[in-house]
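Q: Could you take me through one part of this model in close detail? I'd like to look at the place where the two chains meet, and hear how far I can trust it.

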Amino acid sequence: MKPRLMLLLTPFAVCAALLSLGANRDKPATKQGETAVVPFTLLPSNHMVVEAKLNGKGPYRFIFDLGAPVTLLSNRAADASGAIDKKAPKSFLMGTRGEGKVAKVEMGDLVATDLPVIVMDHPAIKALSGFLSKPLDGIIGYTFWAHYRTTIDYKDLKMTFSPVDFEVTDLMKSLPTQLSGPKVAKTIVLAPRALWGLILSEPEGGVSSPGIPIKTVLAGSPSEIAGLKPGDILTSLDGRWTTSIPDTYSAAEKVELGKTVPVVILRDGKEMTIVVTPREGI
Amino acid sequence: MTTRGIVPIGLALCLAALAPDDPKKAKAPDVGTAYQVPYRLTLTNHYLVRVKINGKGPFNFLVDTGAPYLFVATEAAKKIGLEPAPKGEYWSKIDRLDLEGGATLKGLNGRVEDPFQLVGMNALGLPGASIDGILGFTILARFKMEFDPTKDRMTWTRLDFEPEDPFIPRNAEARQDPGVQAMSALGPIMKFASVFIGKQPEDVLHTQGLLGIELDDTMKVVAVLPDSPAATAGVQPGDRVTKIKDKSIAARKGAHDAIAKIRPGDRVALTLTRDGKAVEMTLTAAEGL
């Protein structure tokens, strides 16, 4: 950039900085227990779009994507908002600049802080922007919304966010380890916390199998008391499908001790729901 | 390379389309019903839920607001006899889609295709489970979705809203922009790369063995299930369990931890207190829960 142009732009930059300071003072970050409402619009391609201010700059338009494991930010918005070091070199691949951080993100009622972003000009975003003739500046993904209890209502075109305490794994850090780590299958023993008194048979019928046949119900066990019988086909346990033996154990593993849960079975082809209270035991 | 391939799942899948105005559909019978949908988070931070298609499955599907509609991977489609769209058409008709947690949708259009993201992720075995398809907008928009990362189920409440299928240009070339086509090439590249990097193996699952002892808080035997290994070995109600596999047990969490790794057929040494005396016995864990 030529010095003269720099000089011209400086007052604007100062004004913008002051404005953003003001914005930063106005709204504190959304806290636990609060619910923030964020409106969104739908593109003709059915993608959700939200408008967000980054460090007081913008608003910029983002695709809100439940399928994206990270948050992507365009070079344009990253530079304007100071989300990345201006000197960070651009890779020839999609202009990737690496990881940055946005100190403050404002979206509807929501104020978020320290959002990690990957700065790059993604071809899909570029293509979509071109198609819409309105710029899009990134994708908001898991690293953002995993900090909230989120609701999405497509009918009212509104999302809500309530902060929760949850440690978000950073894919960018864990992925290289996963890829370079040993390729050994993890062995997991599925261990239900309570005694049911059931012995199961392997399912029949492959992908058409409705569930797991019960081979034996131990006398005096919680399952016998509840009324389960050998030959019953277990189709779900506490709202989880039981389509394989590990499935069934894994569903039982998630049942808290002392809780009474519904078990859905097929008996003589008829669907029945039976409630079982598994008991403490080994 | 890897990052690019998996970042914008679904986003690149559809760049076209205005929904045409179709005649009104009848209101779904379950409007207002809240379903508790179990999910798992993959190693790559993707949400997977399980579905059955035309009563068959289950299959792992990605929950993806960045995808425009329902994708069924070709391999999964083959397993259940779902044919790809006939020539000149785009959609495969799906009679019934069941979601784990209880919701059922009927009479849907789906696309039998392998989006490049799935090809890549499955080739590397990245997500820790195979992915058989994608639930996109035309499925998700029928629900008010609530997800809380601290809970192991999402809540999907059926809305009185039937989204239309997006308009798909007839011309296959018009469907894809050069940028997206470049992205599409990443699937096969990742598949190729997996030869060198190595596929991540899926977890091996075993089930815990059963002894057949009901315990109270103080580790006293409340009951012994008839025909269980405990009954065969002679454990009696009133005995107190003091050691499992030579480890002292004071509380029931300890008992569970001690038994958590025991598989059917494993020998388990137990020490009990009966009438003030220590009794030792060895049980063979049975199959069951």
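A: Here is a walk through the contact between the chains, starting with confidence and ending with the wider layout.

Keep in mind that this is a predicted model. Overall it scores ipTM 0.82 and pTM 0.82. Chain B averages a pLDDT of 81, and 77% of its residues score at least 70. Among the elements of chain B, strand E1 (residues 34-38) has the highest mean pLDDT, 97, while helix H1 (residues 2-6) has the lowest, at 40. The pLDDT is below 50 over residues 1-23 of chain B, although that stretch has 74 contacts in the model beyond near neighbours in sequence. Where pLDDT is low, the predicted coordinates shouldn't be read in detail.

Now the contact itself. Chain A puts in 75 residues and chain B puts in 87. On the chain A side, the elements giving two or more residues are strand E4 (57-64), helix H3 (123-132), strand E9 (148-153), helix H5 (171-180), E11, E12, E15 and H7. H3(A) supplies the largest share of that side, with 6 residues. Sort the chain A side by residue type and you get 45 nonpolar, 17 polar and 13 charged.

Strand pairing crosses between the chains too: E9(A) and strand E9 (residues 143-147) of chain B run antiparallel to each other over 4 bridges. If you want one spot to zoom in on, try A:Thr151, whose bridge partner in E9(B) is B:Glu146.

H7(A) deserves a look as well. This helix spans residues 245-253 of chain A, and its buried residues are A:Asp247, A:Thr248, A:Tyr249, A:Ser250, A:Ala251 and A:Ala252. Within chain A, they pack against strands E11 (187-190), E12 (198-200), E13 (212-217), E14 (233-237) and E15 (240-241). From the other chain, strand E11 (204-207) of chain B joins that packing.

Stepping back to chain A as a whole, the domain assignment gives domain 1 (27-166) and domain 2 (198-276). Taken over C-alpha atoms, the centres of these two domains of chain A are 44 Å apart.

As for the partner, chain B has 8 helices and 17 strands, and buried residues make up 46% of its 289 residues. Of the contacts in chain B between residues at least 6 apart in sequence, 63% join residues at least 24 apart.

Note on methods. Residues are numbered from 1 along each chain as its sequence is written. Chains are lettered from A and ligands numbered from 1 in the order in which they are written. This is a predicted model: local features need pLDDT of at least 70, side-chain atom pairs count only at pLDDT 80 or more; totals for chains, interfaces and linings use all residues. A residue is buried if 20 or more other C-beta atoms lie within 10 Å of its own, exposed if 12 or fewer, and partly exposed in between; C-beta atoms are placed from the backbone. Two residues are in contact if their C-beta atoms, placed from the backbone, lie within 7 Å. pLDDT is the predictor's confidence in each residue, from 0 to 100. Ala, Val, Leu, Ile, Met, Phe, Trp, Tyr, Cys and Pro count as nonpolar, Asp, Glu, Lys and Arg as charged, and the others, Gly among them, as polar. Two strands pair if DSSP finds at least two bridges between them. Domain bounds come from an automatic or database domain assignment.
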